[in-house]
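Hi,

Here is the structure I promised to pass on. Have a look at it first, then read my notes underneath.

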Amino acid sequence: MPQLQTRGRDLLLCRNCGSTFPEGQATRDGWHYECPTEDCESEGLGEGLRRVRSEQ
């Protein structure tokens, strides 16, 4: 999996497809979150997505 730039953001992990991505890719308004991976319909922090620690 390619390294992602996460400066100032948390990483999120999709519980459905296993993708990891910066928080900013999963939301447009800061309240509603969904997996940005094509063909994945997971949404919601704590439900379909969870925060992971970024290695720095």
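Below is what turned up when I went through it.

One thing to keep in mind from the start: this is a predicted model.

**The overall picture**

The protein chain has 56 residues, and 32% of them count as buried. Its secondary structure is quick to describe, with three strands and zero helices. Reading from the N terminus, you get β-β-β. If you look at contacts in the chain with a separation of 6 or more, 39% of them are between residues 24 or more positions apart. As for the surface, the chain exposes about 4,500 Å², and 40% of that comes from carbon and sulfur atoms.

**How the strands go together**

A good place to start is S1, which covers residues 11–14. Which way do its residues point? Leu-11 and Leu-13 point one way from the strand, while Leu-12 and Cys-14 point the other way. All four are buried.

S1 pairs with both of the other strands. With S2 (residues 20–22) it runs antiparallel, and three bridges join the two. To find this pairing on your screen, go to Leu-12: its bridge partner in S2 is Phe-21. S1 and S2 form a hairpin with five residues between the strands. While you are there, click on Gly-18 in that hairpin, which takes a positive phi near 85°.

S3 (residues 49–52) also pairs with S1 in the antiparallel sense, this time over four bridges. Here you can use Leu-13 as your marker, as its bridge partner in S3 is Arg-50.

**The two cysteines to look at**

How many disulfides does a search of the whole structure find? Zero. You might wonder about Cys-14, though, the residue we met in S1. The closest cysteine sulfur to its own is in Cys-40, 3.6 Å away. A disulfide needs the two sulfur atoms within 2.5 Å, so at 3.6 Å this pair is too far apart for a bond. Seen from the other side, the story is no different: Cys-40 is in no disulfide, and the nearest cysteine sulfur is that of Cys-14.

Are these two cysteines buried or exposed? Cys-14 is buried, with a relative accessible area of 2%. Cys-40 counts as buried too, at 11% relative accessibility.

If you want a path through it, begin at S1, step across to S2, then to S3, and finish at Cys-14 and Cys-40.

Cheers

Definitions and conventions
Residues are numbered from 1 along each chain as its sequence is written. This is a predicted model: local features need pLDDT of at least 70, side-chain atom pairs count only at pLDDT 80 or more; totals for chains, interfaces and linings use all residues. Side-chain values use heavy atoms; hydrogens and water are left out. Buried means under 20% relative accessible area, exposed over 50%, partly exposed in between (1.4 Å probe, protein chains only). Contact means heavy atoms within 4.5 Å. Accessible areas come from the Shrake-Rupley method with a 1.4 Å probe; for residues, only the protein chains shown count as cover. Two strands pair if DSSP finds at least two bridges between them.
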